[in-house]
Amino acid sequence: MIDIAVLASGTGTNLAALLDLPEVREHICLVVSDRADAGALDLARRAGIPARVVQFGDFPDRRSFSLAVADAVEQAGAKGVVLAGFMRILSPEFCDRFPGRILNIHPSLLPRFPGARAVEAALEAGVEVTGVTVHFVDEQVDHGPVIRQEEVPVFPDDDADTLHQRIKTVEHRIYPEVVAQFVSGRLRLDGDRVVTA
Ligand code: GRF
């Protein structure tokens with residue numbers, strides 16, 4: 001069994017979906033946000049899970065910020081990290097502390113549309129299909145071995161909000177399933193290979 005820390009900057013709807021699944025919830029030992037006003041922190045507190053704020057501006061550079069987040073994760077006893085809308089790039093040193101044990105969810109079919117504007121970029125590109133990617137994190141942004149992808153249609157009258165909502169409906173279904181596999185030890189990384197039991 002692998003205890004995890006969830007890192008989130010925003011409203012935390014993915015965190016809420018994770019908390020809804022008991023076999024995941026019981027393994028979340030910390031929620032970390034870089035923003036003191038993140039809805040994710042309230043969700044954690046209401047669930048009785050320790051919540052920490054680590055603010056980027058309190059550190060001289062990305063490396064020391066990332067190491068502070070890593071320290072918080074380790075102090076909580078977490079062995080894995082689940083990114084759920086964490087809007088800060090973590091340094092390579094962070095990845096080194098949790099090798100093969102960091103998961104991310106991204107609102108596109110990677111490698112298409114990495115970055116913070118994935119939903120807008122899909123609309124601007126005029127694609128008819130975008131989607132969701134869950135992947136292990138490596139040292140590049142929105143990059144690493146893919147665990148699961150699912151397509152989401154783009155409709156002609158979509159704006160970023162309607163499309164993101166449709167994408168999130170899929171996220172809320174598949175992320176808890178994948179994280180449940182991970183915390184139970186049924187999902188791991190062997191080199192670059194995703195292994196499921
Ligand atoms: C999600 O779309 C996720 O894919 C992306 O950030 C968003 C977080 O949304 N990485 P929420 O805070 O979980 O509602």
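Mentor: On a 1 Å grid over the protein atoms alone, a pocket is an open set of points where a 1.4 Å probe fits, with protein on both sides within 12 Å along at least five of seven lines. A molecule sits in a pocket if more than half of its atoms lie within 2 Å of its grid points.

Trainee: Which pocket does the ligand take up here?

Mentor: The ligand takes the space of the largest pocket. Please keep in mind that this is a predicted model, where local features need pLDDT of at least 70, side-chain atom pairs count only at pLDDT 80 or more, and totals for chains, interfaces and linings use all residues. Residues are numbered from 1 along each chain as its sequence is written, and side-chain values use heavy atoms, with hydrogens and water left out.

Trainee: Which residues are around the ligand?

Mentor: Taking a heavy atom within 4 Å as the criterion, the shell consists of Gly10, Thr11, Gly12, Thr13, Asn14, Gly85, Ile105, His106, Pro107, His164, Lys168 and Glu171.

Trainee: And which element supplies the largest share of that shell?

Mentor: Helix H7 does, with three residues. Helix H1 (13-19), strand S5 (102-106) and helix H7 (160-183) each supply at least two; helices (H or I, at least four residues) and strands (E, at least two) are DSSP runs numbered from the N terminus.

Trainee: What polar contacts does the ligand make with glycine 12 and glutamate 171?

Mentor: With polar contacts defined as N or O pairs within 3.5 Å, a backbone N or O atom of glycine 12 lies 2.9 Å from a ligand oxygen. A side-chain N or O atom of glutamate 171 is 2.5 Å from an oxygen atom of the ligand. The protein covers 90% of the 370 Å² of accessible area that the ligand has on its own, by the Shrake-Rupley method with a 1.4 Å probe.

Trainee: Changing topic, how many salt bridges are there?

Mentor: The whole structure has 11, each a side-chain nitrogen of Lys or Arg within 4 Å of a carboxyl oxygen of Asp or Glu. One of them joins arginine 63 and glutamate 93, at 3.4 Å from N to O. Arginine 63 is in helix H4 (residues 62-75) and glutamate 93 in helix H5 (residues 92-97), so the pair ties together parts 30 residues apart in sequence.

Trainee: Where is proline 111 found?

Mentor: Proline 111 is in the loop between S5 and helix H6 (118-125), and the peptide bond from leucine 110 to proline 111 is cis, with omega near 15°.

Notes. A polar contact is a pair of N or O atoms within 3.5 Å; within protein, one must be able to donate a hydrogen and the other to accept it, and residues adjacent in sequence count only if both atoms are side-chain atoms. On a 1 Å grid over the protein atoms alone, a cavity is a set of points where a 1.4 Å probe fits but cannot get out, and a pocket is an open set with protein on both sides within 12 Å along at least five of seven lines; lining residues have an atom within 4 Å of a point.
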